[in-house]
Structures are given as C-alpha cells and as structure tokens.
Amino acid sequence: MELFREFAVALSIGLLIGFERGWRGRMAEEGQRIAGVRTFGLISLLGAVWTLLGEELGEIVLGFGFLGFAGVAIAAHIVGIGRARDYGITTIVAALLTFALGGLAVRGHMSVAAAVAVVSTLLLGLKPELHRWLRHVEKKELFAALKLLLISVVL
C-alpha cells in the first residue's frame, strides 16, 4: 500500500511541475509545446519506475535510465531550438529534476520530494518577477546582500 502512496506522490509532483510548464505555454498551438501536464506526470512516473528497477536490478540500471532519459530530453531540446528559436534550458532542467523527484518519492522521501517540487514550481512561475528584480538591483545592493549572507554563514 505504501508503494501506491509513493507513486501517487510521484505523479502529483509531475503534474504540479507540468501544470506550471503547460500554463506558461498554454497559448502555443498543439504540437508546438515541448512538455506540459501529461508529459511531466509521465516523466515523474518514469523516474519512479526506474528507481524501483534500480533497487531490484542494481543502481547501475537507474543510472542508465537517467542517462537515457537525459539523452532523449536533450535531443528533443535540440530539435525544438530549430523550430522555436528558444535556447533556454529551463524546461529540460525541470524535466530532469522531475525524473529525479519521482525516484526520490519512491525511495520513501515523499516529503522532501514534494517540498522540492513546490519550491521548483514556485521558481518556474516567478520568472517575470525574478527577472524584473534582477534588472532593478544595483551592484552595491547585491554586494551588501552577499556580505550579509557571508556573515550569516560564518556565524
């Protein structure tokens, strides 16, 4: 029964991240979007399944599964660059993270996987605000914040 809960969390993680990615590209025509709700749900489930296979057959299997998925994702991105002239890798990184989070959920770290998924989705969704903040921060403000962080870490 616990395995079903872990898979449900893995699927929820993929759907959450996929909803944000799909919402961002919601105005694109069918076939023009790289990945959305369904694809990210499947990516997370794929990570969960490969993690189970890795537990049964050896960790090397999980490594090959991840490398295979990363290769397919990168190939899809390269093909997409030619069509959309979009050179960003955010969706690819989100897909790789979703695969890993699905695996993490199945390993029993459901709370950590879910928390990382929520923070990741928040980062993805806040793109305009983060870019606007970057345009308005001045050099002295940036260095003052970095000094404060350094002092906090040292103490």
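**Close-up views of a helical model**

**View 1. Phe 99 is buried, at a relative accessible area of 2%.** Buried stands for under 20% relative accessible area, exposed for over 50%, and partly exposed for the range in between, with a 1.4 Å probe and protein chains only. The model is predicted: local features need pLDDT of at least 70, side-chain atom pairs count only at pLDDT 80 or more, and totals for chains, interfaces and linings use all residues. Residues are numbered from 1 along each chain as its sequence is written, and side-chain values use heavy atoms, with hydrogens and water left out.

**View 2. Two helices are linked through aromatic rings.** The whole structure holds 2 aromatic pairs (rings of Phe, Tyr and Trp, the last by its six-membered ring, with centres within 6.5 Å; planes under 30 degrees apart are stacked, over 60 edge-to-face, the rest tilted). One of them is the stacked pair of Phe 69 and Phe 99, with 5.3 Å centre to centre and 10° between the planes. Because Phe 69 lies in helix α3 (residues 59–84) and Phe 99 in helix α4 (residues 90–106), the pair ties together parts that are 30 residues apart in sequence. Helices are DSSP runs of H or I with at least four residues, strands are runs of E with at least two, and both are numbered from the N terminus. Phe 69 has 12% relative accessibility and therefore counts as buried. Phe 66 joins Phe 69 and Phe 99 in one aromatic cluster.

**View 3. Ile 17 is a buried residue of helix α1.** This helix covers residues 2–24, and the relative accessibility of Ile 17 is 1%. Apart from residues up to four places away in sequence, Ile 17 touches Phe 40, Ala 94, Thr 98, Leu 101, Ala 117, Thr 121 and Leu 124, a contact being heavy atoms within 4.5 Å. Leu 101, with neighbours within four places left aside, is in contact with Ile 13, Ile 17, Ala 113, Val 116 and Ala 117.

**View 4. The largest nonpolar core has 22 residues.** Such a core is a set of buried Ala, Val, Leu, Ile, Met, Phe, Trp, Tyr and Cys residues joined through side-chain atoms within 4.5 Å. Those with the most contacts inside the core are Ile 13, Ile 17, Phe 40, Ile 43, Phe 69, Leu 101 and Ala 105. Two or more residues each come from α1, α2, α3, α4 and α5 (110–125), and α4 gives the most, with 7 residues.

**View 5. Ser 44 is buried in helix α2.** Its relative accessibility is 0%. With neighbours within four places in sequence set aside, Ser 44 is in contact with Ala 10, Leu 11, Ile 13, Gly 14, Thr 98 and Gly 102.

**View 6. A nonpolar patch lies on the surface.** Leu 11, Leu 15, Phe 19, Trp 23 and Val 37 form the patch, with about 460 Å² of accessible area together. Accessible areas come from the Shrake-Rupley method with a 1.4 Å probe, and for residues only the protein chains shown count as cover. Patch residues have over 30% relative accessible area and no salt bridge (a side-chain nitrogen of Lys or Arg within 4 Å of a carboxyl oxygen of Asp or Glu); like charges are joined within 9 Å and nonpolar side chains (Val, Leu, Ile, Met, Phe, Trp, Tyr) within 5 Å. The largest share, 4 residues, comes from α1. Val 37 is found in helix α2 (residues 37–57) and is partly exposed, at a relative accessible area of 33%.
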